[in-house]
Amino acid sequence: MAISNYRRFLEEQQMLYQTILRKMDPNNVGLNVVCPTCGTESWILLPQENSYFREELQICCPAACGHYSSIKNFSPLASPANRAFDQEFICPRDNTEFKTYGAINRCPVCAIENPREVMNTCADRVLASTSIQSDDLSEMLGSLVSTFDGVMRQCNIIAIQNAASLHSSHPRVRSFQDVATAQQTLASLLDISKYVLSWPQFLETFQKRHALSHNLGVIDHKYVDKTGVSTSQVGKKVQLSKQEIDQFANDCKGIVRGYFAHFLS
Ligand SMILES: [Zn+2]
Ligand SMILES: [Zn+2]
């Protein structure tokens, strides 16, 4: 197709898009939609220009359940957003504005999810803190581990869905709390240990979290087995430094970014 023909084709597509949009949402107030697969209600304000549009207006479920089909299947109803959703988002790529439930979402237009943003928000809050109080450090570590685990489990679910749509498969990781096992499960496809400064140190910091949440912060034999520290440490309390927590925050970001780039984008 010559360039001018292609340009005309794109212009026609944009006009068709505008026509469909105006018919559904004449006053440009946004659309309430209900996912036909997961039943989640969301609200979306579609952009005026849509470079992904071809022939039919198709969207992804904003709650990232994996459903993708004609917007007609989402029972679109023109309405301002009139309920309290868990999150609001404006896609930086295509300016789609949307609100939905849950923590991990997917832009209904470009289909890109937000796990990196969720991990970065948590990690950046930790990095910005100046406290070196042990209770605060322990709390920061707790929030990093639980965010990392939650975000990576969602990434894993999405990677499995993406692989299935390509008639392939991706290993299920039910928990990233046991990050050593998770690393081994994924290793044949992607070695997540390469995204951290020091994998043994990352594992040890993770193990400190286990000790803090299950053993009053005291080192036991399991801790020694998992980290390889000297048995002379048994019975002593784990020590955390701000520098270690900051490195852990950056390592968590690195793994989420690497995993996302490999399987989700
Ligand atoms: Zn859905
Ligand atoms: Zn988008």
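A residue is taken as buried when its relative accessible area is under 20%. By this criterion four of the five residues of strand β2 (residues 41-45) are buried, and the strand is mostly covered. The structure described here is a predicted model. Its chain is divided into domain 1 (3-100) and domain 2 (115-263), and the centres of domain 1 and domain 2, taken over C-alpha atoms, are separated by 36 Å.

Strand β2 belongs to an open sheet of five strands with antiparallel pairing, in the order β5-β1-β2-β7-β6. Strands β5 (77-78) and β6 stand at the edges, where each has a single partner strand, so one side of each is left without a neighbour in the sheet. Strands in a sheet pair through backbone hydrogen bonds, in either a parallel or an antiparallel sense. In the present sheet, β1 (residues 31-34) is joined to β2 in the antiparallel sense over four bridges, and V33 has S42 of β2 as its bridge partner. The two strands β1 and β2 form a hairpin with six residues between them, and G39 in the turn shows a positive phi of about 80°. Strand β2 also pairs with β7, again in the antiparallel sense, over three bridges; here K99 of β7 is the bridge partner of W43. Strand β7 is in turn paired with β6 in the antiparallel sense over four bridges, with F98 of β7 as the bridge partner of F89.

Within the sheet, L31 is located in strand β1. L31 is buried because its relative accessible area is 1%, below the limit of 20%. The C-alpha atoms of L31 and L77 are 5.2 Å apart in space, although 46 residues separate L31 and L77 in sequence. Leaving aside neighbours within four places in sequence, the contacts of L31 include S42, W43 and I44, together with L46 and I71. Also among the contacts of L31 are M24, D25, P76, L77, A78 and S79.

A zinc ion (ligand 2) is bound by four protein donors, C91 (SG), D94 (OD), C107 (SG) and C110 (SG), which lie 2.1 to 2.3 Å from the ion. The donor residues are spaced in sequence as C-x2-D-x12-C-x2-C. The angles subtended by the four donor atoms around the zinc ion are 100 to 116°, and the arrangement is therefore tetrahedral. Of these donor residues, C91 and C107 link distant parts of the chain, 16 residues apart: C91 lies in the loop between β6 (87-90) and β7 (97-100), whereas C107 lies in the loop between β7 and α2 (115-128). Both C91 and C107 are buried.

The largest nonpolar core comprises 38 residues, and those with the most contacts inside it are L144, F148, F202, I245, F248, I255 and Y259. At least two residues of this core are supplied by each of α2, α3, α4, α5 (199-214) and α7 (242-263). The largest share, eleven residues, comes from α3. I245 touches V126, L137, M140, L141, L144 and L240, not counting residues up to four places away in sequence. Another core, of 20 residues, lies apart from the largest one and includes Y17, L57, C91 and C107. The zinc donors C91 and C107 are thus also members of this second nonpolar core.

Two residues are notable for their backbone conformation. Most residues other than glycine have a negative phi. By contrast, N28, a residue other than glycine, has a positive phi near 55°, and H167, likewise other than glycine, has a positive phi near 55°. N28 is found in the loop between α1 (3-24) and β1, and is partly exposed, with a relative accessible area of 35%. H167 is found in the loop between α3 and α4 and is exposed, because its relative accessible area of 78% is over the limit of 50%.

The loop between α3 (134-165) and α4 (179-186) also contains D178. With a relative accessibility of 33%, D178 counts as partly exposed. The C-alpha atoms of D178 and V196 are separated by 16 Å, with the two residues 18 residues apart along the chain.

Methods: Residues are numbered from 1 along each chain as its sequence is written. Chains are lettered from A and ligands numbered from 1 in the order in which they are written. This is a predicted model: local features need pLDDT of at least 70, side-chain atom pairs count only at pLDDT 80 or more; totals for chains, interfaces and linings use all residues. Side-chain values use heavy atoms; hydrogens and water are left out. Donors are N, O and S atoms within 2.8 Å of the metal (3.2 Å for Na, K and Ca); water is not among the atoms, so sites may look incomplete. Four donors count as tetrahedral if all angles lie between 85 and 135 degrees; four count as square planar and six as octahedral if opposite donors are over 155 degrees apart and all others between 65 and 115; anything else is irregular. Buried means under 20% relative accessible area, exposed over 50%, partly exposed in between (1.4 Å probe, protein chains only). Domain bounds come from an automatic or database domain assignment. Two strands pair if DSSP finds at least two bridges between them. Contact means heavy atoms within 4.5 Å. A nonpolar core is a set of buried Ala, Val, Leu, Ile, Met, Phe, Trp, Tyr and Cys residues joined through side-chain atoms within 4.5 Å.
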